[in-house]
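Open the model in a viewer and keep the sequence panel beside it. The tour goes from one selection to the next.

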Amino acid sequence: MAVRFRSGAGAARSGQVGTLLVGGLLLAGLLLYKFSTAFATAGSAAVRGQAGQGAQRQQSLLNSLRRQNGGGSGSSGSDSSSSSDGGGNDPKAQFWRIVRTPIAKPDPSIVKQRCGATRGDWCGRYDAQPPIPALPPPRGDRLCLWGCNFVGVCDGTRGWCRCPAGWTGDDCSTRMRRPCSQHHRSNGFEPFDKPFDMQQGGTTMACADLCDEDVGMCYCNSTFPHGRVPADPQLPPGTPPQRVGRPIAHFCRRGKDDAGNKIEFGSVEPELLYGEKGWCQADQPQWTCPCLIDGLGGPYCETPTEAFCPNQCNGHGECHSGWCKCHDGWFGHDCAYRTNTTEWTPGMEDGERPWLKPHVRTPASKDPEPGATRKRPLIYIYELPPMYNSNMLQYRVAKDDCVYRTFTDSNETVLHDSWLYDIETGLHEMLLQSEHRTLDPEEADYFYLPVYTTCFIFPVLGANDFPYFHGGPVAWRTHAATNMLIEVFHWVRSHYPYWDRNGGRDHILLSAHDEGSCWVPAVLRPAIILSHWGRTDLDHISGTGYWPDNYTADSRHDVWQPEGHVGKLGRFPCYNASKDMIIPPMFSPDKYHDSPALGAEPRERHILGFFKGRLQFNNPPYSRGIRQHLTNFSLEQDWWGKHKIFIGDSFPPGEEPGYSRLLTSSTFCFTIMGDGWSSRFEDGLMHGCIPVIIQDGVEVAWSSILDVDSYSIRILQKDMDRIPEILKAVPQAKIHQMQANIAKVWRRHMWTTLPHFQQDVKDMLKRLHAGPANQGPGVEGGQVEALAAGSGDGSSQEGPQGGDQAGVAEGNAKGEGKAKSEGKAKGEGKEGGNRRRLAGKLQPALDGPYNPAEDDAFSTLIQWLYSRLDDLGAHAAPARRL
């Protein structure tokens, strides 16, 4: 509002009042600063001493002062200079500080035992910290409008509704239809819903029969004996259908019209679907459609089964393909919260559904025992609207999309490695089940944003004409995900005060898609960003081979997205080592079934260098062309015949097939990007194979906290034609040292916190007791010391320390067969057979204190987060004096 001119008297009176007001505010500010400093000093002493009621009252007063006098500004600038501060240097933001005990110094004994091949002083701090009192979780009895219309779950602490797919609004009474759109809209803001045209193709979810418009899934029409019959419209919303019916997946669509003419819509003969013995008609049809829907199984997709939900609704709710319908008295994303009158009890996992037991664990939900303690960091997981996570699971095309585990028809657990982005639901579940989770945001050190962007990018977006997050069809995959994150940012700031408390620096975001966080909007850049893609250049452009993922190509529409896309990103590196972290991808332990680290028999490492992966010769931008070039060049130069170096998308000639087996048989394994991040670094590492990194300007997992150079080799792209020369010049002593360092860090690259993964590791390690080569005690504390097996080929011909390449090459050419035959005749010698047996013996002890979750990837992440704590939260800016 513009200031108007006033009369002199009025101006004078206003000036006097203004002077008094400013003076009063300054005095109040000085008093407040004095008191807050006193409280901070007393608070630190209280926590260091005996934590009691006084400390809790003091913390409550601090929280009150913070709420009344804080301000903090959220960072929403469009460049690094304006956004990196994020409000941390705002003098007002100093009153938002939560005073806590300083982090512990590293424990020397832990550093010695468990911190090998690390960088900095982060390791050893977490275990040395003094525990803090465990407090009861908050409860709530706030009511929601109209009881969430029978379909939603009322959040008793906030008073808002969590709605399933198909419903939205404050009371879940507004329909949120997802028609089985045949095409994408050409205008407007409503999903495409025109009558079905049999002569045209359609989207993945297009339907010629009956569409369940809650999730956009196609079923046999209700006129057939096995068709879907919706609930009686006179019954309350959310009532299950009278008959579920058999689904018609996109693989099962009809390929002819009613006149028998061939159409592009599908490929199945209509008789097989609708005939007397067809899928929709017969009790035992001659033709069966694939059962892709989560929660249905059996030979004809009519048997109810357990569906996937993170933490399986805490055992206190029904899982609806990713969304939890909590039982009375329970609420929240995973039904972890309770109303004031609801006492904690075990859930269905301890009763009628024992198959849930491995997947339900919520210590944050329980009232602690007297005197119980816990460790920091405390992490609050935002209760975001379901549209940003659980609705994505309800919209997914197939049950094994977007998740790392599913249930069989008999409710047994199946672990999946086919979904490359397992970490999205996996990390969410690990945090939900963690001892570090808190249900009280007021005591949190960090705030996690559970957004399922990769699930949205694929398969949800494009499979249908809904949902879109601003931009309509012109917002391509990563562009639409950027808009999704902007919505989350504004929702969090408008519903909670915690982003502004520290300018977002204590918030955590996972961005697991191919090019990591390169397309994360500027407004979220102050947060700690976890990804698999460590690209460090500032002025980066997308390197994708798929145009919908090109985040640096602009997308603009006069109605849907007039502001365009690129301007939302600002100018930031994809990975900022000062605050972000590159984490390993998540796979089940079975992917590494032939690794000596997990109890498999060690193999002679007779392959010098190995890479197997997709090549995509018809897609030149893919992998920056590196994979394609090296495959062609290595074939032209006969690297396999001359040097035992293989690069391709198949298996080496004459070798026994098996990816895990070949990694175990190789000395060096190549880390080459795909359309962004690739798992090849972890694949090699987990098999004791030394990674050879060929991706300029891109860091690998844990590079800021582990001494990656001590167990890997980096070759510049300009030098990649010299791979044989470079690898053969590596002295044998250095190879041994790198293999020994791999043994110190391999556990940090595998996610074994989840109970099923822990059990898998223990089962695999039982193989250690089979066979004479594996006899002997395990290593105390579970620390593997070596993964080295006997190295053949050039790597076993130890050259001069100075790297005499000619000598190494000559030794390889003349001594390959002789070395192998002599090794076998002489028992492989001290540096051969002993080392081979050593790799089998030095494994975690099964009868000792071995814990697969200790120092795994999740534990490493928690340890690092603890080391970043201070009185402002993670990576806070230096305090200013007021």
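Two strands count as paired if DSSP finds at least two bridges between them. Keep that cut-off in mind for the first stop. Note also that this is a predicted model.

**Stop 1: two strands**

Select residues 690-693, which make up strand β26, and then β28. Two bridges join β26 to β28, so the pair meets the requirement of at least two. The two strands run parallel. Now pick I693: which residue of β28 is its bridge partner? The partner of I693 is R714.

**Stop 2: the whole sheet**

Widen the selection to five strands, in the order β24-β23-β25-β26-β28. Together they form an open sheet, and the pairing is parallel. Which strands stand at the edges? Colour 645-648, which is β24, and 713-714, which is β28. Each of these has a single partner strand, so one side of each is left without a neighbour in the sheet.

**Stop 3: a helix across the sheet**

Add residues 732-745, helix α16. This helix lies across β25 (666-671), β26 and β28. Turn the view to compare directions: α16 runs at about 105° to β26.

**Stop 4: salt bridges**

Side chains of opposite charge can pair when their charged atoms come close. How many salt bridges does a search of the whole structure find? The search finds 40. A few of them follow.

Show the side chains of R125 and D121, which meet in a salt bridge at 2.8 Å, N to O. Is R125 buried or exposed? R125 is buried, with a relative accessible area of 13%, whereas D121 is partly exposed at 47%.

Move to D580 and K579. Their side chains meet in a salt bridge at 2.6 Å, N to O, and both residues are buried.

Next, select D594 and R661, whose side chains form a salt bridge at 3.9 Å, N to O. This pair links distant parts of the chain, with the two residues 67 residues apart. D594 is in the loop between β22 (581-582) and β23 (607-612), while R661 belongs to helix α13, residues 659-664. D594 has a relative accessibility of 13% and R661 one of 18%; both count as buried because the cut-off is under 20%.

**Last stop: a network**

Finally, select R114, D127, R748 and D855 together. Salt bridges that share partners join these residues into one network.

Definitions and conventions: Residues numbered from 1 in each chain as written. Predicted model: local features only at pLDDT ≥ 70, side-chain atom pairs only at ≥ 80, totals over all residues. Heavy atoms only, no water. Helix = DSSP H or I, 4+ residues; strand = E, 2+ residues; numbered from the N terminus. Contact = heavy atoms within 4.5 Å. Axes fitted to C-alpha atoms, helices over the stretch in contact; angles between N-to-C directions. Salt bridge = Lys/Arg side-chain N within 4 Å of Asp/Glu carboxyl O. Buried < 20%, exposed > 50% of the residue type's maximum accessible area, 1.4 Å probe, protein only.
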